[in-house]
Amino acid sequence: MSKNNQNADNGYDAEEMTVELDLDDGTSVTCAVVTILTVSNRDYIALLPLDESGDNVDGEVWFYRYSENPDDPNEEPELEYIDDDDEYEAVADAFDEYLDASEFDELVDEED
């Protein structure tokens, strides 16, 4: 993962975390890291795939299992494809709860 300076015009933070994913077809996609969630004592990462101009036009979010090497914090984190439908659904539900909480926090902040 790396920090990527994005344009303020696209709505993302100036120093957001990004990850470069190598897809099965041999192409690579840059993704913004939305959040890391813990579901059933396992960590998952929510990624927002970005196009060449740093935008996400379709609102699609990708979920992967996420793990770090506790013995070497400098080692790149490992991402694993989720192939179990029930596991994927649990992560998607947790992400929906995360979004609901984020929207609630934004509403509360606007009222202050």
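In which helix does Glu87 lie? Glu87 belongs to helix α1, residues 85–111; helices (H or I, at least four residues) and strands (E, at least two) are DSSP runs, numbered from the N terminus. The tour returns to Glu87 after a look at the model as a whole.

**Before selecting anything**

This is a predicted model, in which local features need pLDDT of at least 70 and side-chain atom pairs count only at pLDDT 80 or more, while totals for chains, interfaces and linings use all residues. Residues are numbered from 1 along each chain as its sequence is written, and side-chain values use heavy atoms, with hydrogens and water left out.

Colour the chain by pLDDT, the predictor's confidence in each residue, from 0 to 100. The protein has an average pLDDT of 83, and 79% of the residues score at least 70. Next, select residues 1–14, where the pLDDT is below 50. Beyond near neighbours in sequence, this stretch has 36 contacts in the model; a contact means heavy atoms within 4.5 Å. Where pLDDT is low, the predicted coordinates should not be read in detail.

**First stop: Arg65 and Glu87**

Select Arg65, in strand β5 (residues 62–67). Arg65 counts as buried because its relative accessibility is 12%; buried means under 20% relative accessible area, exposed over 50%, and partly exposed in between (1.4 Å probe, protein chains only).

Now show Glu87 as well. The side chains of Arg65 and Glu87 are joined by a polar contact of 2.8 Å. A polar contact is a pair of N or O atoms within 3.5 Å; within protein, one must be able to donate a hydrogen and the other to accept it, and residues adjacent in sequence count only if both atoms are side-chain atoms. A polar atom of the Arg65 side chain also lies 3.1 Å from the backbone oxygen of Tyr81.

Glu87 is buried too, because its relative accessibility is 14%. Leaving aside residues up to four places away in sequence, Glu87 touches Arg42, Tyr44, Arg65 and Ile82. On the same basis, the residues that Arg65 touches include Asp43, Glu78 and Leu79.

**Second stop: the hairpin of β3 and β4**

Select residues 28–39, strand β3, and residues 42–49, strand β4. These strands pair in the antiparallel sense over eight bridges; two strands pair if DSSP finds at least two bridges between them. To see one bridge, select Val33, whose partner in β4 is Leu47.

What lies between the strands of this hairpin? There are two residues between them. Select Ser40, in the loop between β3 and β4, and then Asn41, placed in that loop as well. Ser40 has a positive phi of about 50° although it is not a glycine, and Asn41, likewise not a glycine, has a positive phi of about 60°. Most residues other than glycine have a negative phi. Ser40 is exposed, because its relative accessible area is 71%; Asn41 is exposed with a value of 80%.

**Last stop: the aromatic rings**

The structure holds three aromatic pairs. Rings of Phe, Tyr and Trp (its six-membered ring) pair if their centres lie within 6.5 Å; planes under 30 degrees apart count as stacked, over 60 as edge-to-face and the rest as tilted. Select Phe63 and Phe95, an edge-to-face pair with 5.3 Å centre to centre and 65° between the planes. This pair links distant parts of the chain, with Phe63 in strand β5 and Phe95 in helix α1, 32 residues apart. Both residues, Phe63 and Phe95, are buried. Finally, add Tyr88 and Tyr98: ring pairs link Phe63, Tyr88, Phe95 and Tyr98 into a cluster.
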